[in-house]
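Hi,

Here is the structure I said I would pass on. Have a look at it first, and then read on for what turned up in it.

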Amino acid sequence: MNSPHFWRRIAGLVFSLFFCALFFSKIKDTILTENARIVNARFPDNHTNTETENSSVATTADSDGKQDFIQWVDFDVTAAALRQALRYDVDSYGKEPHFNWIDLLACLAAKYGGDFSHFQENDMDNLIDRLQEGFTMEELTADMNYFSYYKEAYGAILGGMVGQFEAQIPDKTTGETIWVTKYGLKAFSPIAKNFPYQDYDDFGVARSYGYRRQHLGHDLMGQVGTPVIAIESGYIEAMGWNQYGGWRLGIRSFDGKRYYYYAHLRKNYPYHKSFQGGDYVQAGDVIGYLGRTGYSSVENTNNIDEPHLHLGLQIIFDESQKDSNHEIWIDCYELTRFLYMNRQETVRDPETKEYYRVWQMKDPAIPGGAKEQRIDAASLNTLLNTSDR
């Protein structure tokens, strides 16, 4: 091991690793610069309000012939940062100033160069202090070249998760259910409350079935039959068999920017009976059941070793990205950790063996409103009292 040849090999390896890291760093910087150029070209004042900036993405080429939409996003915002930003947003709602959680996260992302391993709670607290002193977000981010990029990118990822909605809750005095108007988190964990699961950050690991590729999703290991919950309201864009994902369900957000992919659902009975292709789905609805189907061209085959839900989240800035070689799939690990705080309670109908959400909501994002996923009140009360869930 002390031979000159050995140390030359070690030195060569270190040298190679250094230049690989430098190469990928340059690629990331190039992507960020190009995305920032695109955003700033469309929003020259660099500080368009969130509603306008996140409402649409241009689909035409600019004067240089380059595509005029964001082409890549790395999302590594931690669950802790998401929770803190949400708390500031909700606590300040209806007050001046109101702290938009996406703006807070975008500002920190610009500060960190998109790397939230640097995140500290004090950084967000200090940002809030400056805003409370009277500085505007525009003033504080005036010299941040990538703020507008992160604002649009994070808006596309998180834009449907927080807002006003109506929720059904139990009245503490009478025990009857009542409707209240709330502002806050209206997205849900993909696994129903009281059902165990395990996960780890497996985004990007190798997969070999069919062809060698990266795993562009997040696996949540659980028991077959566990109710799978819609994270966000949307419409069913894909439903049926896929040889990789088995029985799968694809739900598109109403603004078109997010495509939630739920795969490896249960054999024989993968979906909730209340849904079919094209239907509107409300956040918190039971949409299907965890299983281990897939990895087979033969429909309804269990070929996955360990039962789990494969959750994918594709971000779409232009429709040309939807089914292409330029798809943007993000790491959902920290996002699912964040959504753990909002898990839908379910109840099982012993006759049909179907699960239903216990607490209803009315999401104004759904055009014309959504049908409620419920069983009759008498049956619900009986099932809740017997606690067969």
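The largest pocket has a lining of 30 residues, and R213, Y244, G245, Y261 and H310 are the ones nearest its centre. A word on terms: on a 1 Å grid over the protein atoms alone, a pocket is an open set of points where a 1.4 Å probe fits, with protein on both sides within 12 Å along at least five of seven lines, and a lining residue has an atom within 4 Å of a point. The space in this pocket comes to about 890 Å³, where a volume is what probe spheres set on the points fill, with points joined across faces, edges and corners. Four elements each give two or more residues to the lining: β5 (213-214), β6 (218-222), β10 (258-263) and β13 (308-315). Strands here are DSSP runs of E with at least two residues, helices are runs of H or I with at least four, and both are numbered from the N terminus. By type, the lining has eleven nonpolar, nine polar and ten charged residues. Ala, Val, Leu, Ile, Met, Phe, Trp, Tyr, Cys and Pro count as nonpolar, Asp, Glu, Lys and Arg as charged, and the others, Gly among them, as polar.

Before you go further, keep in mind that this is a predicted model: local features need pLDDT of at least 70 and side-chain atom pairs pLDDT 80 or more, while totals for chains, interfaces and linings use all residues. Residues are numbered from 1 along each chain as its sequence is written, and side-chain values use heavy atoms, with hydrogens and water left out.

Overall, the protein chain has nine helices and 17 strands. Of its 389 residues, 50% are buried (under 20% relative accessible area with a 1.4 Å probe, protein chains only; over 50% is exposed and in between is partly exposed).

Now the core. The largest nonpolar core (buried Ala, Val, Leu, Ile, Met, Phe, Trp, Tyr and Cys residues joined through side-chain atoms within 4.5 Å) holds 83 residues, and W101, L105, F116, Y154, L158, M161 and Y262 touch the most other members. Helix α4 (residues 101-112) is its top contributor, with ten residues. A second core, separate from that one, has six residues, including Y259 and W329. Back to Y154: beyond four places in sequence, its contacts (heavy atoms within 4.5 Å) are F75, V77, I102, L105, A106, A109, F116 and G159.

There is also an open antiparallel sheet of three strands, in the order β2-β1-β17. β2 (177-185) and β17 (361-362) are at the edges with a single partner strand each, so one side of each has no neighbour in the sheet. Strands count as paired if DSSP finds at least two bridges between them. β1 and β2 share nine bridges, with E166 partnered by T181 in β2. β1 (residues 162-170) and β17 are joined by two, and A167 sits opposite M361 there. In the hairpin of β1 and β2, with six residues between the strands, G175 has a positive phi near 85 degrees.

Two last residues to click on. Q84, in helix α3 (residues 79-91), is buried at 1% relative accessibility, and F119, E121, M124 and D125 are its contacts outside four places in sequence. Y356, in strand β16 (residues 355-357), is buried at 8%. Its C-alpha atom is 8.8 Å from that of P227, although the two are 129 residues apart along the chain.

Cheers
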